[in-house]
Amino acid sequence: MKQESSVDGSWQKENVLHDASGYSALLVGATGLIGAALLRQLLRDPLVTMVTVIVRRPLETKTLGSANELSKLNMIVISFEDLDQTLEQVHADVVFCTLGTTIRVAKTQEAFRKVDYEYPLTLARFAERTNASLFSIVTAMGASSSSKIFYSRVKGELQDAIAKLSIPLVQVFQPSLLLGERPQARPGEAFGAVVSKGLQFAMVGPLRKYRPIKGEDVALAMRRAAGQAGQMKAASKSSMIQYYSSDKIADLALHTTG
């Protein structure tokens with residue numbers, strides 16, 4: 001049975017997933033706010049031996065890292081309709097999913113669900129059948145399959161579906177409004193972030209999880225948590241799923257070095 005765990009934000013030294021030889025990573029969603037930051041960090045991380053990214057269009061690599069860091073990058077450009085078949089060519093110890101869109105961008109609920117539910121679940125099933133050590137994914141604050149809000153309901157349904165899979169460790173990151181420059185403007189989120197930033201002084205205690213958070217910090221937290229996954233699994237022989245609320249993501253990012 002899958003065990004659920006919360007995170008208390010208290011971290012000591014970073015532990016390596018697997019062993020000192022490091023780990024290989026698959027990242028899908030590398031063109032988004034969190035994914036782009038995470039890709040740069042993974043390429044810099046000496047514990048990461050290879051980073052495979054699956055994208056719809058080639059990435060501009062000039063700003064991603066040095067020549068040595070870019071030697072770890074394996075870029076696969078596909079139509080996402082071919083995602084499942086493409087994954088047959090891939091091996092990764094850790095799978096990161098930072099896919100996400102909005103109804104405004106997707107245009108229809110069906111198209112939104114494909115990006116925010118179907119593709120991520122395909123990746124989770126890949127992690128399960130290939131015995132990946134960790135599946136790490138970004139959903140959203142308030143995600144719940146019982147929500148009356150379509151966006152939150154789809155995110156919640158995805159979480160429920162992933163929780164039924166047999167993956168050694170699943171880490172679910174649920175950030176509040178995201179701060180940072182996006183490739184595509186999201187006026188609603190930008191307005192909400194401005195309002196929330198103005199009220200941050202009042203967002204303390206239980207309200208702290210509602211503070212807006214930088215996409216870069218979410219990426220930092222994901223990388224840090226992946227690095228500590230070996231220690232997290234040591235205490236349990238069964239599958240585990242861990243949920244990181246936005247305040248815990250901020251705590252984890254604050255204690256990240258490197």
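Contact here means heavy atoms within 4.5 Å. With that cut-off in mind, open the model, which is a predicted one, and begin in helix 6.

**Stop 1: Gln159**

Select Gln159, which is found in helix 6. Its relative accessible area is 7%, so Gln159 is buried. Now display its surroundings. Leaving aside residues up to four places away in sequence, Gln159 touches Thr139, Ala143, Val172, Gln174 and Tyr243.

**Stop 2: helix 6 against helix 5**

Keep helix 6 in view and add helix 5. The two helices pack with their axes 10 Å apart, at an angle of about 20°. Angles under 35 degrees count as roughly parallel, and helix 5 and helix 6 are therefore roughly parallel to each other. The crossing of helix 5 past helix 6 is right-handed.

To see the contact itself, select two sets of side chains. Helix 5 contributes Gln109, Phe112, Arg113, Asp116, Tyr117, Pro120, Leu121 and Ala124. From helix 6 come Phe150, Tyr151, Val154, Lys155, Glu157, Leu158, Ala161 and Ile162. Colouring this selection by residue class gives 11 nonpolar, 1 polar and 4 charged residues in the contact of helix 5 with helix 6.

**Stop 3: Lys155 and Asp116**

Within that contact, select Lys155 of helix 6 and Asp116 of helix 5. Side chains of opposite charge can pair when their charged atoms come close. Lys155 and Asp116 form a salt bridge, with 2.6 Å between the closest N and O atoms. This pair links distant parts of the chain: Lys155 lies in helix 6 (residues 150–163) and Asp116 in helix 5, 39 residues apart. Are these two residues buried or exposed? Both Lys155 and Asp116 are buried.

**Stop 4: Arg129 and its two partners**

Follow helix 5 (residues 109–129) to Arg129, then add Asp84 in helix 3 (residues 83–87). A salt bridge joins the side chains of Arg129 and Asp84, at 3.3 Å from N to O. This pair too links distant parts of the chain, the residues being 45 apart.

Next, select Glu88. Glu88 also forms a salt bridge with Arg129, where the closest N and O atoms are 3.1 Å apart. Here the link runs from the loop between helix 3 and strand 5 (94–97), where Glu88 sits, to helix 5, across 41 residues. With all three residues displayed, a network of salt bridges connects Asp84, Glu88 and Arg129.

How accessible are the members of this network? Arg129 has a relative accessible area of 40% and is partly exposed. Asp84, with 38%, is likewise partly exposed. Glu88, at 58% relative accessibility, counts as exposed. Before leaving these pairs, a search of the whole structure may be run; the number of salt bridges found is 7.

**Stop 5: Gly22 and Thr49**

Finally, turn to the loop between strand 1 (3–6) and strand 2 (23–28), and select Gly22 there. Buried means under 20% relative accessible area, and Gly22, with 9%, is therefore buried. Add Thr49 and draw a distance between the two C-alpha atoms. The separation is 6.1 Å, although Gly22 and Thr49 are 27 residues apart along the chain.

Terms used: Residues numbered from 1 in each chain as written. Predicted model: local features only at pLDDT ≥ 70, side-chain atom pairs only at ≥ 80, totals over all residues. Heavy atoms only, no water. Salt bridge = Lys/Arg side-chain N within 4 Å of Asp/Glu carboxyl O. Helix = DSSP H or I, 4+ residues; strand = E, 2+ residues; numbered from the N terminus. Buried < 20%, exposed > 50% of the residue type's maximum accessible area, 1.4 Å probe, protein only. Axes fitted to C-alpha atoms, helices over the stretch in contact; angles between N-to-C directions. Parallel < 35°, antiparallel > 145°, perpendicular 65-115°, else oblique. Left-handed = near helix turned anticlockwise from the far one by under 90°. Nonpolar A, V, L, I, M, F, W, Y, C, P; charged D, E, K, R; others polar.
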